[in-house]
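This briefing introduces one protein chain to a reader who is new to structural description. Please keep the sequence and the structure in view while reading.

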Amino acid sequence: MGIVKPSDEGTSDKPFSHALVAGIDRYPRKVTKKMSKKKIQKRSKVKPFLKVVNYNHVMPTRYSVDISFDKTNINKELMKDPMKKKKARNMVRTKFEERYKSGKNRWFFQKLKF
């Protein structure tokens, strides 16, 4: 989960410190060398989520991902309209899949096991 846009002071509708976050709902599946390109492409898909979260429910870690999102296209106003939210989620999906295919931040695309 990565913070897209923080709001430290809060707003009139949410009078507490919160942040718009993007994360992965469904992680890419394992890929091997003998799989066809079509199968690899299908297994490399990521299902992202966008959500507004209270800072009390976020735990900071030493890990960070430097994926930059277009803040004009992804903001809290989009969360109210379902079609705009879907479009924003698709933009996040393309960014995540780009990063996954580049091979950087491999730990980010693996499911957390507790």
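Which residues do ring pairs link into a cluster? The cluster consists of Tyr63, Phe96, Tyr100, Trp107, Phe108 and Phe109, joined by ring pairs. The model is a predicted one, and the points below are grouped by topic.

**Overall architecture**

- The protein chain contains two helices and three strands.
- Read from the N terminus, the order of these elements is β-β-α-β-α.
- The C-alpha trace spans about 55 × 35 × 20 Å along its principal axes.
- Of the contacts with a separation of 6 or more, 62% are between residues 24 or more positions apart.

**Aromatic residues**

- There are six aromatic pairs in total. One of them joins Tyr100 and Phe109, whose ring centres are 5.3 Å apart and whose planes meet at 65°, an edge-to-face arrangement.
- The two partners differ in label because buried means under 20% relative accessible area: Phe109, at 5%, is buried, whereas Tyr100, at 23%, is partly exposed.
- Trp107 and Phe108 also form an edge-to-face pair, with 5.9 Å from centre to centre and 85° between the planes.
- In this pair, Phe108 is buried at a relative accessible area of 9%, while Trp107 is partly exposed at 39%.
- A further ring, that of Phe49, has the charged end of Lys51 sitting over it, 5.0 Å from the ring centre.

**An unusual backbone angle**

- Most residues other than glycine have a negative phi.
- Asn105, which is not a glycine, has a positive phi near 50°.
- Asn105 lies in the segment that follows helix 2 (82-102).
- Is Asn105 buried or exposed? Asn105 has a relative accessible area of 18%, and it therefore counts as buried, since the cut-off is under 20%.

**Surface and charge**

- Buried residues account for 29% of the 114 residues in the protein chain.
- The accessible surface of the chain is about 8,900 Å², and carbon and sulfur atoms contribute 51% of that surface.
- The protein chain carries 32 positive and 10 negative charges. The mean position of the positive charges and that of the negative charges are 15 Å apart.

Conventions: Residues numbered from 1 in each chain as written. Predicted model: local features only at pLDDT ≥ 70, side-chain atom pairs only at ≥ 80, totals over all residues. Heavy atoms only, no water. Phe/Tyr/Trp six-rings, centres within 6.5 Å; stacked < 30°, edge-to-face > 60°. Buried < 20%, exposed > 50% of the residue type's maximum accessible area, 1.4 Å probe, protein only. Lys NZ or Arg CZ within 6 Å of the ring centre and 35° of its normal. Helix = DSSP H or I, 4+ residues; strand = E, 2+ residues; numbered from the N terminus. Contact = heavy atoms within 4.5 Å. Areas by Shrake-Rupley, 256 points an atom, 1.4 Å probe, with all protein chains shown as cover. Lys, Arg positive; Asp, Glu negative; His and termini not counted. Charge placed at Lys NZ, Arg CZ, Asp CG, Glu CD.
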